[in-house]
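I opened this model to look up a few things and write them down. My entries are kept in the order I made them.

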Amino acid sequence: LIWVSCLKWRLFLRHEGRDAPLGYLMKLYLVGYFFNLFTPSFVGGDIARSVQLGKELKDQRSALVSTFLERFTG
């Protein structure tokens with residue numbers, strides 16, 4: 001399921017005109033799971049994923065939008 005979620009996340013990134021390797025997105029997804037263990041809600045992992053991706057892309061807006069859409073679409 002992580003793989004499918006990352007494919008979906010990558011599609012949203014491509015729609016924004018950005019791209020990231022699927023392996024990198026899977027790594028960020030697992031980092032998000034780790035952060036969810038220590039934060040009171042599931043939002044902590046999404047924030048961690050978005051911030052790291054934004055640093056990689058040098059575009060925080062696209063990272064935030066794609067992360068939100070991936071989460072929102074389940």
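The notes below cover the nonpolar core, one buried acidic residue and a surface patch.

Entry 1, the core. I noted at the start that this is a predicted model. I looked up the largest nonpolar core and found that it has 12 residues. Its members are C6, W9, L13, A20, L22, Y24, L25, L28, Y29, L53, L57 and A63. I then checked which helices supply them: α1 (2-15), α2 (22-38) and α3 (43-57) each give at least two. The largest share, five residues, comes from α2.

Entry 2, Y29. I picked this core member and listed its contacts, leaving out residues up to four places away in sequence. Y29 touches I2, S5, C6, W9, R49 and E70.

Entry 3, D59. I located D59 in the loop between α3 and α4 (60-72). Is D59 buried or exposed? I count D59 as buried because its relative accessible area is 16%, and the cut-off for buried is under 20%. Its side chain makes a polar contact of 2.6 Å with that of S62. Beyond four places in sequence, D59 touches R18 and G54. I also took a C-alpha separation: D59 and S5 are 54 residues apart along the chain and 21 Å apart in space.

Entry 4, the patch. I found a nonpolar surface patch of about 490 Å², made by F34, F35, L37 and F38. I followed up on F35, which sits in helix α2. With a relative accessible area of 38%, F35 is partly exposed.

Methods
Residues numbered from 1 in each chain as written. Predicted model: local features only at pLDDT ≥ 70, side-chain atom pairs only at ≥ 80, totals over all residues. Heavy atoms only, no water. Core = buried A, V, L, I, M, F, W, Y, C linked by side-chain atoms within 4.5 Å. Buried < 20%, exposed > 50% of the residue type's maximum accessible area, 1.4 Å probe, protein only. Helix = DSSP H or I, 4+ residues; strand = E, 2+ residues; numbered from the N terminus. Contact = heavy atoms within 4.5 Å. Polar contact = N/O pair within 3.5 Å; in protein donor to acceptor, adjacent residues only side chain to side chain. Patch = residues over 30% accessible without salt bridge, like charges linked within 9 Å, V, L, I, M, F, W, Y side chains within 5 Å. Areas by Shrake-Rupley, 256 points an atom, 1.4 Å probe, with all protein chains shown as cover. Salt bridge = Lys/Arg side-chain N within 4 Å of Asp/Glu carboxyl O.
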